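Trainee: I would like to learn how to read a model of this kind, feature by feature, starting from the general idea each time.

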Number of protein chains: 2
Amino acid sequence: MAQEDQKDEVTLSQFLDAVASGTATPGGGSVSALVGTLAAALVEMVANLTVGKKGLEAQEAEMKRMGEEAHSYREALGTTIAQDINAYQGVMKAFLLPKATEEDKRNRKEEIQKALKKAADPPLFTAATSLKVLKLCQKAAEKGNPNTVTDAAVGALLAQAALQGGVFNVLVNLSALEEENTVKKMRQELKRLEAEGIKTRDKILTQVKGRLKAE
Amino acid sequence: MAQEDQKDEVTLSQFLDAVASGTATPGGGSVSALVGTLAAALVEMVANLTVGKKGLEAQEAEMKRMGEEAHSYREALGTTIAQDINAYQGVMKAFLLPKATEEDKRNRKEEIQKALKKAADPPLFTAATSLKVLKLCQKAAEKGNPNTVTDAAVGALLAQAALQGGVFNVLVNLSALEEENTVKKMRQELKRLEAEGIKTRDKILTQVKGRLKAE
């Protein structure tokens with residue numbers, strides 16, 4: 001599967017088959033980014049089903065902005081699907097470097113460390129951007145067309161899952177990274193994203209459940 | 001977008017655009033089913049990256065069975081993507097029935113109730129099947145190739161999000177359904193699925209975080 005096709009030309013079935021296959025990519029990192037795009041698309045859906053609807057004129061401008069913002073996150077996360085694959089393949093390539101001489105070994109170790117650091121970027125982007133999508137889900141649940149409240153709730157579930165999936169895929173790279181300071185800072189940032197994500201999701205779900213008389 | 005194309009022929013971008021558009025379908029229900037298929041595909045990936053690997057021979061038979069089971073859930077959830085759209089369109093059609101005479105009104109009300117009851121089936125199936133996928137994620141995390149532990153974790157996040165997304169989409173139908181007994185029973189079943197899902201997901205995440213030294 002050509003890497004540039006991950007999002008634009010590939011069918012759902014082809015993507016699912018590629019995930020299921022016995023190759024390391026696309027894996028959890030790319031799938032997390034894809035789930036972030038699904039959450040963003042649900043926010044856009046709420047916006048599009050609110051703008052132009054009778055009785056919801058007061059929210060129109062805000063919903064339009066929300067939809068545009070969600071669309072930009074959808075685009076960015078869509079690009080991340082392929083970036084995650086490329087970065088992971090960079091790590092695998094570094095592991096295959098020669099290790100015959102001492103110099104080889106030093107060089108290989110350096111390249112592995114560089115590749116691991118680089119491979120943390122796409123899932124970190126997925127986590128941070130999914131948190132932004134999650135905050136839009138909150139707005140969508142509060143101010144969007146009441147008929148779409150479950151779509152906003154599903155968006156929140158997916159955005160949080162994408163965020164947390166991103167976090168796991170950064171962590172797996174950090175576990176082999178040797179730069180202690182970078183690792184420590186990154187772990188703190190991941191904890192912050194995770195905590196804010198869970199808090200925001202739970203707030204949305206409680207609110208939506210209240211409206212569906214499920215609590 | 002033709003309904004039979006939802007999964008098989010449609011590209012990722014087309015599906016995302018269809019979700020984002022200002023029509024009620026595909027919405028949160030279909031997206032939840034799709035996310036369940038992604039979780040199942042990740043379980044298959046773990047199985048495929050375990051079977052035939054040196055040092056993992058003891059798990060081979062179990063992983064093969066796990067992969068086959070996950071594949072069958074992926075197929076079933078894939079079919080649910082379109083079924084959810086059809087069922088929802090059945091509800092919208094019932095709402096458009098004539099209400100000129102008393103008989104019309106009685107008939108319309110009956111048809112709406114029938115359609116709502118029917119529309120609860122696909123998301124209920126998504127929730128129940130995603131719980132099965134989630135249990136496979138636990139097995140994948142415990143017995144799969146250690147290199148795929150984050151893929152199993154992402155699978156668990158997605159399966160639980162799909163389960164909960166299904167629950168919300170049943171609830172939104174129940175909120176307009178008048179058969180008290182059916183509603184009561186269904187709510188109990190949803191609560192059970194939800195509680196078991198959260199328990200299973202959290203168990204997996206704690207375990208995987210421990211292995212990634214993130215706790």
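The dialogue below takes up symmetry, the interface, salt bridges, a helix, cysteines and peptide bonds in turn.

Mentor: Before we begin, note that this is a predicted model, in which local features need pLDDT of at least 70, side-chain atom pairs count only at pLDDT 80 or more, and totals for chains, interfaces and linings use all residues. Residues are numbered from 1 along each chain as its sequence is written, chains are lettered from A and ligands numbered from 1 in the order in which they are written, and side-chain values use heavy atoms, with hydrogens and water left out.

Trainee: What rotation and shift superpose chain B on chain A?

Mentor: In general, two copies of a chain are related by a rotation about an axis and a shift along it. Here a rotation of 180 degrees, with 0.0 Å of shift along its axis, superposes chain B on chain A with an RMSD of 0.0 Å, where the fit is by least squares on the C-alpha atoms of residues with pLDDT of at least 70 in both copies. The two copies are thus related as by a two-fold rotation axis, and in chain B the C-alpha nearest that axis belongs to Thr11(B), 1.9 Å from it.

Trainee: How many residues of each chain are in contact, and what area is buried between the chains?

Mentor: The size of an interface is often given as the accessible area lost when the parts come together. In this model 57 residues of chain B are in contact with 57 residues of chain A, contact meaning heavy atoms within 4.5 Å. About 4,800 Å² is buried between the two chains, and carbon and sulfur atoms give 68% of it; buried area is the accessible area (1.4 Å probe) that two parts lose on being put together, summed over both. On the chain B side, Leu12(B), Leu16(B) and Phe168(B) lose the most area to chain A, together 16% of what that side buries. Because 100% of the interface residues of chain B are also interface residues in chain A, the copies meet through the same surface.

Trainee: Which salt bridge partner does Asp17(A) have?

Mentor: A salt bridge is a side-chain nitrogen of Lys or Arg within 4 Å of a carboxyl oxygen of Asp or Glu. The structure holds 26 over all chains, and four are counted between chain B and chain A. Asp17(A) pairs with Arg74(B), with the closest N and O atoms 3.0 Å apart, and this pair crosses between chains, from helix 2 (residues 12-20) of chain A to helix 4 (residues 60-95) of chain B. Helices (H or I, at least four residues) are DSSP runs, numbered from the N terminus, as are strands (E, at least two). Asp17(A) is partly exposed at 42% relative accessible area, whereas Arg74(B) is buried at 4%; buried means under 20%, exposed over 50%, and partly exposed in between (1.4 Å probe, protein chains only).

Trainee: How are Glu111(A) and Lys114(A) placed in helix 5 of chain A?

Mentor: An α-helix has 3.6 residues a turn, so residues three or four places apart point the same way. Glu111(A) and Lys114(A) are three residues apart in helix 5 (residues 102-119) of chain A, and are therefore separated by about one helical turn; their side chains meet in a salt bridge of 3.3 Å, N to O. Glu111(A) counts as partly exposed at 26% relative accessibility, while Lys114(A) counts as exposed at 51%.

Trainee: Which parts of chain B does the pair Lys117(B) and Glu179(B) tie together?

Mentor: Their side chains meet in a salt bridge of 3.2 Å, N to O. Lys117(B) lies in helix 5 (residues 102-119) of chain B and Glu179(B) in the loop between helix 7 (149-174) and helix 8 (180-211), so the pair ties together parts that are 62 residues apart in sequence.

Trainee: Is helix 3 of chain A mostly covered or mostly open?

Mentor: Helix 3 of chain A is mostly covered, with 20 of its 21 residues buried. The helix (residues 28-48) reaches 30 Å from its first C-alpha to its last, close to the 30 Å expected at 1.5 Å a residue, the expected span being 1.5 Å times one less than the number of residues.

Trainee: How many disulfides does the structure hold?

Mentor: A disulfide is a pair of cysteine sulfur atoms within 2.5 Å, and the structure holds zero over all chains. Cys137(A) is buried, with a relative accessible area of 0%, and Cys137(B) is buried, also with 0%.

Trainee: Is the peptide bond from Thr25(A) to Pro26(A) cis or trans?

Mentor: Most residues other than glycine have a negative phi, and most peptide bonds are trans. The bond from Thr25(A) to Pro26(A) is cis, with omega near -10 degrees, and Pro26(A) lies in the loop between helix 2 and helix 3 of chain A. In chain B, the bond from Thr25(B) to Pro26(B) is cis, with omega near -10 degrees.
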